Amino acid sequence: MTRNKILLFPSLFITILGSTLFSFATGLYLLEITGKGSYFAYNIILSVLPSIFLMPILGALLDRFSKKKLILFSDFLNGSLMLIIYLLWERVNGLTLIYVGNFLTQILSLVVFLGFESGKRELFTKEWLISANAYTTAINSLCRLLGTFGGGVIYTFLDIKYFIFINGISFFISFIFEVFLKFKRELGMEEQKENNTFKEALKYIYSDSILKIVMILGLLFNFLYSLSVIVVFPYLINNEFNLGSSNYGVIQSCGSGGMILGALLVKRLNVKMKFINIIGLMFLTSSLIILLGIPFFITLEQYYITVLYSIIFSVLGIVITFFDIPLFTYFQETIPIGIIGKVLGIFISLAKSVSPIGVAISGFLIDSISVKNNLLIGCGLFFLVGVLSYFKVKLGKKLYHNL
């Protein structure tokens, strides 16, 4: 396990940072050469589609075959793909290469992501899972922070094809680290792999009442956050209060910083998935969303709005980690090895599906009834889910005692 700790997290840091810089650079490139937001949007859609439609299939593959071999194969192909794009850059249309490359690399990266998420119990002891998830979340947030700050600066001095080359090298470096990872074998694992089908994974979810409710609450949180924050926040910054791109970047960075702090707090406090914690997070998120509307009622200078939103998004970052890390740790601790890839694939696919729905509804609400009312609706729905969850816990004593 010590060897896995030493090898896994540097590997993740290198890969995620390389991919973040690549994603940032390709987005800037598309906006620069086309001048159209639609081309940028197509690139985002291509990156989201695999996680919506392919996650359950990839999960089934990871349950059926060696997770380590699939992870290694995917990272090697990812590195090779980036180098091929680099070599073809002067000969083939750049837009085509970016779209095709982004779509394929997303699929391969999903294999690696899901392989590690479903395989952490094979890499570490159950007692260390929450620490592993906390470090993974902190690394993700740190890379997002560095990618946002560093991407724009580096893009000014480097041609886009060198971003692609660096990303390819990062995948190969991760591949070298991953070769030496040790996935332990649990008793009866091979029998579980042979006997558990995709249909049986669905049956398992349906039959486990606690898992089913936890998954529903996870999906609700994801949907309501998309409805209340994802579109509302940039609209408030740019259209309502005209804070500008620099302040927007500062506030986003505070959100990433909050997630890093939250991940370390989850590890330090050893926070577990409990219904009472979920209810508290729903009420806290409801309060934070309504605080976003303070500048509508109290006249504030731009500096103070930036400070207010920076604090709110720092706390929101902590809230997300206090929800996500215990949630995935619970999945990893309780779901049988033979079907964990399928179950996680189903959950992540559903989560990625409900998010665009929340975003679309939010856009419609902003255009039709104002962003202020969108905030009130989001706040009210979070509060309502919290109240209903509370009464569900009070009525279902068995659920309360089991989780």
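**Exercise 1.** In this predicted model, determine which residues Ser228 is in contact with, leaving aside its neighbours within four places in sequence, and establish whether Ser228 is buried or exposed.

*Solution.*
Step 1. Once neighbours within four places in sequence are left aside, the contacts of Ser228 are Ile289, Leu375, Gly378 and Phe382.
Step 2. Ser228 belongs to helix H10, which spans residues 209-230.
Step 3. The relative accessible area of Ser228 is 0%. Buried requires a value under 20%, and Ser228 is therefore buried.
Step 4. As for polar partners, the side chain of Ser228 reaches the backbone oxygen of Leu224 at a distance of 2.8 Å.

**Exercise 2.** Describe how the axes of helix H5 and helix H16 cross, and identify the residues of H5 that meet H16.

*Solution.*
Step 1. Helix H5 covers residues 94-123 and helix H16 covers residues 340-369; their axes come within 9 Å and cross at roughly 125°.
Step 2. This crossing angle makes H5 oblique to H16.
Step 3. The handedness of the crossing, as H5 passes H16, is right-handed.
Step 4. On the H5 side, the residues involved are Phe113, Leu114, Glu117 and Ser118; these meet Ile340, Gly341, Leu344, Gly345 and Ile348 of H16.

**Exercise 3.** Characterise the surroundings of Phe113 in helix H5, and classify its accessibility.

*Solution.*
Step 1. The relative accessible area of Phe113 is 35%. The partly exposed class lies between the limits of 20% and 50%, so Phe113 is partly exposed.
Step 2. Not counting residues up to four places away in sequence, Phe113 touches Met55 and Ile348. Of these, Ile348 is also listed among the H16 residues at the meeting of H5 and H16.
Step 3. A further spatial relation links Phe113 to Ile71: the two are 42 residues apart in sequence, while their C-alpha atoms are 8.5 Å apart.

**Exercise 4.** State which residues touch the most other members of the largest nonpolar core, and which helix supplies the largest share of this core.

*Solution.*
Step 1. The largest nonpolar core has 67 residues, and those touching the most other members are Leu211, Tyr309, Phe313 and Phe331.
Step 2. Helix H15, residues 302-334, supplies the largest share of this core, with 13 residues.
Step 3. For Tyr309, leaving aside neighbours within four places in sequence, the contacts are Leu236, Ile237, Phe241, Ile251, Leu292 and Pro295.
Step 4. Another core, of 35 residues, lies apart from the largest one; its members include Phe9, Leu17, Met82 and Trp89.

Note on methods:
Residues are numbered from 1 along each chain as its sequence is written. This is a predicted model: local features need pLDDT of at least 70, side-chain atom pairs count only at pLDDT 80 or more; totals for chains, interfaces and linings use all residues. Side-chain values use heavy atoms; hydrogens and water are left out. A nonpolar core is a set of buried Ala, Val, Leu, Ile, Met, Phe, Trp, Tyr and Cys residues joined through side-chain atoms within 4.5 Å. Buried means under 20% relative accessible area, exposed over 50%, partly exposed in between (1.4 Å probe, protein chains only). Helices (H or I, at least four residues) and strands (E, at least two) are DSSP runs, numbered from the N terminus. Contact means heavy atoms within 4.5 Å. A polar contact is a pair of N or O atoms within 3.5 Å; within protein, one must be able to donate a hydrogen and the other to accept it, and residues adjacent in sequence count only if both atoms are side-chain atoms. Axes are lines fitted to C-alpha atoms, for helices over the stretch in contact, and angles run from 0 to 180 degrees between N-to-C directions. Angles under 35 degrees count as roughly parallel, over 145 as roughly antiparallel, 65 to 115 as roughly perpendicular and the rest as oblique. A crossing is left-handed if the near helix is turned anticlockwise from the far one by less than a right angle, and right-handed if clockwise.
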